[in-house]
Structure formats: C-alpha cells, structure tokens
Amino acid sequence: MDPVKIAPSLLAADFGNLQRDVEMVNNSGAHWHHLDIMDGLFVPNISYGMPVIKAIAQHATKPLDVHLMIVDPDRYITTFADLGADILTVHYEACPHLHRTLQKIKNAGMKAGVAINPHTPVNVLESIIQDVDLVCLMSVNPGYGGQKFIPHTLVKLRQLKSLISEANSKTLIEIDGGVGTGNASELAKAGADVLVAGSFVFRSDNPVEAIAALNTLVNP
Ligand code: DX5
Ligand code: ZN
C-alpha cells in the first residue's frame, strides 16, 4: 500500500526565508509541497501569487500540490501548469462547470483535485468522483492557517471513503486544516491518503522532526 503522504503547507513558512523552508521540506520525510493560493474574494485572505510560486518551484524537489481558493479558477489553469503544478485543486463551491474545469486541468497535464468546504456534503461529488484524482476535505474554513480542526470532518471522511470505493475509483483523500500529531493517526485509520500540515510543522521548534513524527504515526 502507498504510504500516507505528508504535505507541509508553505502558508505557514517564513516568507523571508522561503528558500530555506522549501529546502527543509525537500530534505524531510514529507511527500508533497502544499501551496495555498487565496484571492481575497473566494476567501477573505490573500496569500501569494505567481512570482512567489515560481520561486518556490525553482527550489522544490517534490510534487507541487496547489490548492486554489480563488473564484473562477479556469482563468489560470494553464498558468499553473506552466508554473510547475503537479496537482491542481479547485473548490467545488467556485466551479459552476466542475466537469469542464477538471477536464481542462487534466488536458494541461496535471492531476485534478476538488476541495469542499466544511459545510459542503460529500454526496455532491457522487456524479463526478470518477473524474477526480484527489478530494481535499477542508477540516477548517479555508482562508487562514492555524485554525482548529473541525471534528465532523471524520464523519465526512468515512462517507467519502465509501463513496469512492462504491464507485471503484482511485481518488485520493486529502485532509486540510488543523492537522497534527493529535489527530493524524485517527485520520489515516479512517482512510486519509494525504495530510496537509501548516502550523504544526512550521511553528514547531524542529520542522523536520515534526514531519517525522507525523510519518511515524501514519506510516508505522
Ligand atoms: C487553509 C489552507 C490550509 C492551511 C493549513 O485555508 O488551505 O492548507 O494552510 O494550515 P494549518 O495546518 O495551520 O491548519
Ligand atoms: Zn490548503
């Protein structure tokens, strides 16, 4: 079985030392770099944009998992492909023509992800799940790092797991927000394939060890 992947979110990195923090992830047991793109419209916050992603991509050696918290993401699909995104995740709530958006992402050579907000039920993905490479279950309201994990996510995770297996699909499940050593093993046991961790990793005294601690829990 594939290991449960750890994807540190660079939103919590020290932007004054971005190269150092990207290289820390390169040299750790993490599997992906998670990049949070916020536009100040879909979510209240603005994070960072294309020039910063370009700089990250120049130093990153692991797959770039790009999470778009933006309205009308279709406008930038080829731009993110050119910047080096490997997985491009759009929000269900931001895509009136989700099927078309996912096809565009795949045609641009990337894996296609769909994120759903805490209030969005998993069954809205029933008719599209075969076309989705990754579902990102938001376990906090998107927009900020450092928030508390919403416990109902575990119920949604189990529902999504059965929706995926009933459809006989290979869709990965990613959990994003408030993840740390307190809930990582429960999430892995319930079927999570990818765990995003921002503050838990970057606010710890030793980020490499924090990543190792998550790995030990989920990939014993
Ligand atoms: C929230 C972002 C998350 C966030 C995770 O809008 O999508 O990726 O950075 O940060 P923590 O782990 O601090 O909740
Ligand atoms: Zn994210």
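Is His67 buried or exposed? In this predicted model, His67 is buried, with a relative accessible area of 1%. That residue makes a handy starting point, since His67 takes part both in the coordination of the zinc ion (ligand 2) and in a polar contact with ligand 1.

The zinc site can be taken up first. Four residues coordinate the zinc ion (ligand 2): His34 through NE2, Asp36 through OD, His67 through ND1 and Asp176 through OD, at 2.0 to 2.3 Å. Written along the chain, the donors follow the spacing H-x1-D-x30-H-x108-D. Asp36 belongs to strand S2 (residues 33–38) and His67 to strand S3 (residues 64–69), so this pair ties together parts that are 31 residues apart in sequence. What is the geometry of the arrangement around the metal? Six donor atoms surround the zinc ion (ligand 2), and the angles they subtend run from 69 to 167°, which makes the arrangement octahedral. The rule behind that label asks for opposite donors over 155 degrees apart and all other angles between 65 and 115. Asp36, like His67, is a buried ligand of the metal: its relative accessibility is 4%, where under 20% counts as buried.

Attention now turns to ligand 1. Its surroundings comprise 20 residues, of which Asp36, Gly146, Asp176, Gly198 and Ser199 come nearest. Two names in that group, Asp36 and Asp176, are already familiar as residues that coordinate the zinc ion (ligand 2). Several polar atoms of the protein meet oxygen atoms of ligand 1. In the side chain of Asp176, an N or O atom is 2.6 Å from an oxygen atom of ligand 1. The backbone contributes as well, with a polar backbone atom of Gly178 at 2.8 Å from an oxygen atom of the ligand. For His67, a polar side-chain atom lies 3.2 Å from an oxygen atom of ligand 1. How much of the accessible area of ligand 1 does the protein cover? On its own, ligand 1 has 380 Å² of accessible area, and the protein covers 98% of this.

The shell around ligand 1 can also be described by element and by residue type. S2, S3 and strand S8 (194–197) are the elements that give two or more residues to the shell. The largest share comes from S2, with three residues. By type, the shell divides into eight nonpolar residues, 10 polar and two charged.

Strand S8, one of the contributors to that shell, also holds Val194. Val194 is buried, with a relative accessible area of 0%. Its C-alpha atom is separated by 13 Å from that of Gly180, 14 residues away along the chain. Ala190 sits in the loop between helix H6 (184–189) and S8. At 11% relative accessibility, Ala190 counts as buried, because the cut-off for that class is under 20%. Ala190 and Gln159 are 31 residues apart in sequence, with 9.9 Å between their C-alpha atoms.

Two further buried residues can be set against Asn45 by distance. Glu174 is found in strand S7 and has a relative accessibility of 1%, so it counts as buried. The C-alpha atoms of Glu174 and Asn45 are separated by 22 Å, and the two residues by 129 positions along the chain. Ala12 occupies the loop between strand S1 (5–8) and helix H1 (18–26) and is likewise buried, at a relative accessible area of 9%. Between Ala12 and Asn45 there are 14 Å from C-alpha to C-alpha, at a sequence separation of 33 residues.

Two loop residues deserve a look for their backbone angles. Asp72, in the loop between S3 and helix H3 (77–83), has a positive phi of about 45° although it is not a glycine. With 41% relative accessibility, Asp72 counts as partly exposed. Asn168 lies in the loop between helix H5 (153–166) and strand S7 (172–176). Asn168 is not a glycine either, and its phi is positive, at about 55°. Which class of accessibility does Asn168 fall into? Asn168 is exposed, with a relative accessible area of 68%.

Conventions
Residues are numbered from 1 along each chain as its sequence is written. Chains are lettered from A and ligands numbered from 1 in the order in which they are written. This is a predicted model: local features need pLDDT of at least 70, side-chain atom pairs count only at pLDDT 80 or more; totals for chains, interfaces and linings use all residues. Side-chain values use heavy atoms; hydrogens and water are left out. Donors are N, O and S atoms within 2.8 Å of the metal (3.2 Å for Na, K and Ca); water is not among the atoms, so sites may look incomplete. Four donors count as tetrahedral if all angles lie between 85 and 135 degrees; four count as square planar and six as octahedral if opposite donors are over 155 degrees apart and all others between 65 and 115; anything else is irregular. Helices (H or I, at least four residues) and strands (E, at least two) are DSSP runs, numbered from the N terminus. Buried means under 20% relative accessible area, exposed over 50%, partly exposed in between (1.4 Å probe, protein chains only). A residue is near a molecule or strand if one of its heavy atoms lies within 4 Å of it. A polar contact is a pair of N or O atoms within 3.5 Å; within protein, one must be able to donate a hydrogen and the other to accept it, and residues adjacent in sequence count only if both atoms are side-chain atoms. Accessible areas come from the Shrake-Rupley method with a 1.4 Å probe; for residues, only the protein chains shown count as cover. Ala, Val, Leu, Ile, Met, Phe, Trp, Tyr, Cys and Pro count as nonpolar, Asp, Glu, Lys and Arg as charged, and the others, Gly among them, as polar.
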